[in-house]
Amino acid sequence: MAEIPPTETLTSVEHQDSTDQPNPSVSPPPPSAEGINLPEKRKREGEPEPEPSADKAKHPLWKTSLCSYFRRSGELCSHGDTCRYAHGEDELRPRPNNTWDPTSERAKKMAKTNDQDKAVEEGGIMMTEALEEDGEESSSGLSKCIVNLPMKWSSDNFRFFLNEQKLDGKTVGNNRTLKVSDVIQRPFEKNNKAALPEKPSPDNDDENDSVLPSDSASKARSARDAVTPLAHMSYSDQLEHKKNSLAQILKRLTRNARKACPNGISLPEWILNAREIGGLPCKLEGIIESPLVNGYRNKCEFSVGNSLQGKHTVGFLLGNFREGVTAVEEPVDCPNVSRIACKYAAIFQEFLQQSCLPIWNRLNNSGFWRQLTVREGRKPGQIDADNSETSISEVMLMVQVCTLGSDEGQVKEELHRLAQTFSAGSTAESPPLPLTTLVIQDHTGISNAAPSDAPLRYIFLHRGGDCGLEIADDVVEPRIHDHISNLRFSISPSAFFQVNTLAAESLYSLAGDWADLGPDTLLFDVCCGTGTIGLTLAHRVGMVVGIEMNASAVSDAERNAEANGIKNCRFVCGKAEDVIGSLMKEYLSLPEKQDENRETSENNESGVNSAEENINSVDGVVVAENSSVVNHENGHAVSGCSKDEAKLEKDSTPQSSSNPMRQFKNVVAIVDPPRVGLHPTVIKVLRTQSRLRRLVYISCNPDSLVANAIELCTPSPDKSEKGNNKNNRGWRNMSAAGLARHRSKSMPESEPFKPVKAMAVDLFPHTPHCELVMLLERCVV
């Protein structure tokens, strides 16, 4: 008998279903419990060979799999007709369970048809062929994605598939060659999956990673798992988990700062002392609990889309769109959302079932209804943790729509119906739900993250009594109010405000304590939003200068200062990188003699500014650096704001009791940047301003804090090393910390800060996120 050729013994099973198909390179398995008779072993020489027909009758898997030699070469193997594997689609037979060899053309066609039917049944949850409708080509780039590949496929499976289609190695586009490569996990995905503990569940649920691992896993998760992945843990375990995670992140600051230190310069003392505290740059003193653990969010953004069952749903996405997940599930079991917010989401969802306007389709960027935002305002006083919803006194609803291509008359009619639905739904509850205003935001972008100046096309204001909701005759920006540290804050639809009001009080109090404030302190509040930090600390300092790029938020900050009788605050409208340099120069570079004259002029009834001769003044307005317009009459800058907004802010700006040009002995900065961190220009200004001795960094993204702290705390290089930092083209592939190390080499000669202490504040229970506060001081010379 002829030996089996090597090609047959090395048959790959990657294209076969391991549960249904045997490995063709090994002998058949023993008889099963069901009594299936398998063929006997081949007899030795001299014994008669059994006829193929006998094997064919006995072996239930005869010709149910394609021969591996045939798949590779397209020719018959050495066994010829006696081979129990099929040598072509014509010979192939179905398996006993009525399935086909997955490598066959018949099975591939059936799988493709099933996937398309499944996508239609699930309402287009995954990105399949939706972008190819009507034969139109998509310009969004999503058509390059390949989805719905078998989960068990490895890169070899995919490479074999491309070989069959004659695509692997083909040149496309600008001399680019198609190839298959294994995906390398990004660092944050590895950290999240490694750090989070397994969830003990009898149903073998997926782990609660903050980043969803795959499409199929995303489809099996609930909104609770997607939004609050730590909800299965006790709150004490959540705090311990967050503290440990932050400690690991802070250790990266020490390692990267050590690498960033210039050659020939001794390491800073805080790096040398890091070994004594486990590699941390400073002591992590602990984590402050959230006073309210459940229903703490005062702002919830609910997406509009289809559920896994294809129903119009208002809730949370089950995963990331870049992973092909567009399913939305209701927020009924999310512990961070209040009952009031869930009720309004349910009212809106019921309305969408009968609406004649379509919901937003993320696959082709079309539709009308996009998002519902619920903002809650709480009344002052002690809040009952067991029944916190009783403290909610105001609610702003903002419905995001896309009116592009819609009939104006139909849109107005639907919005009227929506207003009536919300009004009736709020009064039907027992007790009635608070409802202050309904705002319609018109946004045509791809993402639901609308810019702050997105038009508010329709505004419905609550008139009280039985009038319900009516269209406002005059377009006045609506607001609700919340309270922090006994101060009343006015909040506009797009303004930033901490989502956990009670925990924010603890956060701001901690920042004020660490900043070492006093009557002779000048406080720079960078990225101040609606002025919450500066206003809550204004009574402890001599002067507050807030910087914010959102004109609406600046307007709110001015109103908040006036409403609370605070007169020592000045708020500047502009990007921090554009205005902070001129503001630092204005306040911290004033000669002492000029300052003495200015202090003397405070008691002069004429109020003449002794330094006015050195200022290019036009109608009482000074043009500062970077085209930032600063009004010294009311201490307000209006860079980047419209004329109407500037006039409004000028009228509402409180008169400062302290002259803004006064010199202060203690200069402190508190920064609360967005997740991307501080702009490099802002870092350079803070680092090079020698009079700024203390900096409190509040971070919602510890990775950004690490990157910024590298530049702030690394010693300046000498001139020779700066000259070698040229023609570095690898910055696009650098991590945030690596890029910070790269930028630190060009930092002007200045005294670095040093990390003193850090503290976590839990503003987001049940999620992996946490605020981190770090105190930085100038190193002792």
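A residue counts as buried when its relative accessible area is under 20%. In this predicted model, lysine 63 has a relative accessibility of 8% and therefore counts as buried. Its backbone is also notable for phi, which is near 60 degrees, a positive value in a residue other than glycine. Lysine 63 sits in the loop that runs between helix 2 (52–58) and helix 3 (68–73).

**Overall make-up**

The protein chain contains 22 helices and 24 strands. Its length is 781 residues, and 48% of them count as buried. The chain exposes about 39,200 Å², of which carbon and sulfur atoms supply 48%. Taking contacts between residues at least 6 apart in sequence, 66% join residues at least 24 apart.

**Nonpolar cores**

In soluble globular proteins, nonpolar side chains tend to be buried together. Here the largest nonpolar core has 59 residues, and Phe524 and Leu686 are those with the most contacts inside it. Helix 9 (residues 235–260) gives this core its largest share, 9 residues. Which residues does phenylalanine 524 touch, leaving aside its neighbours within four places in sequence? The contacts of phenylalanine 524 are Val545, Leu583, Met584, Tyr587, Leu588, Val667, Val668, Ala669 and Ile670. Apart from the largest core lies another, of 49 residues, which includes Leu292, Leu507, Val541 and Val761.

**Internal space**

Rolling a probe the size of a water molecule over the atoms shows where empty space is left. How many cavities of 30 Å³ or more does a search of the whole structure find? The search finds 1. The largest cavity holds about 40 Å³ of space. Its lining consists of Phe496, Tyr508, Cys527, Cys528, Thr532, Ile533 and Asp672. By class, the lining residues divide into 5 nonpolar, 1 polar and 1 charged.

**Loop residues and backbone angles**

Three loop residues are set out below with their accessibility.

| Residue | Loop | Relative accessibility |
|---|---|---|
| Lysine 63 | helix 2 (52–58) to helix 3 (68–73) | 8%, buried |
| Serine 355 | helix 11 (339–354) to strand 7 (369–378) | 14%, buried |
| Aspartate 516 | helix 13 (501–514) to strand 14 (521–526) | 46%, partly exposed |

Aspartate 516 has a positive phi of about 55 degrees although it is not a glycine. Is aspartate 516 buried or partly exposed? At 46% relative accessibility, aspartate 516 counts as partly exposed, because the partly exposed class lies between the 20% and 50% limits. Aspartate 516 belongs to the loop between helix 13 (501–514) and strand 14 (521–526).

Serine 355 is buried, with a relative accessible area of 14%. Leaving aside its neighbours within four places in sequence, serine 355 is in contact with Trp369, Glu414 and Arg417. The C-alpha atoms of serine 355 and leucine 418 are separated by 9.2 Å, while the two residues are 63 residues apart along the chain. Serine 355 itself is placed in the loop between helix 11 (339–354) and strand 7 (369–378).

One further backbone feature concerns a peptide bond. Serine 430 and proline 431 are joined by a cis peptide bond, with omega about -5 degrees. Where does proline 431 lie? Proline 431 is in the loop between helix 12 (408–428) and strand 9 (437–442).

Notes:
Residues are numbered from 1 along each chain as its sequence is written. This is a predicted model: local features need pLDDT of at least 70, side-chain atom pairs count only at pLDDT 80 or more; totals for chains, interfaces and linings use all residues. Side-chain values use heavy atoms; hydrogens and water are left out. Helices (H or I, at least four residues) and strands (E, at least two) are DSSP runs, numbered from the N terminus. Buried means under 20% relative accessible area, exposed over 50%, partly exposed in between (1.4 Å probe, protein chains only). Contact means heavy atoms within 4.5 Å. Accessible areas come from the Shrake-Rupley method with a 1.4 Å probe; for residues, only the protein chains shown count as cover. A nonpolar core is a set of buried Ala, Val, Leu, Ile, Met, Phe, Trp, Tyr and Cys residues joined through side-chain atoms within 4.5 Å. On a 1 Å grid over the protein atoms alone, a cavity is a set of points where a 1.4 Å probe fits but cannot get out, and a pocket is an open set with protein on both sides within 12 Å along at least five of seven lines; lining residues have an atom within 4 Å of a point. Grid points are joined across faces, edges and corners, and a volume is the space filled by probe spheres set on the points. Ala, Val, Leu, Ile, Met, Phe, Trp, Tyr, Cys and Pro count as nonpolar, Asp, Glu, Lys and Arg as charged, and the others, Gly among them, as polar.
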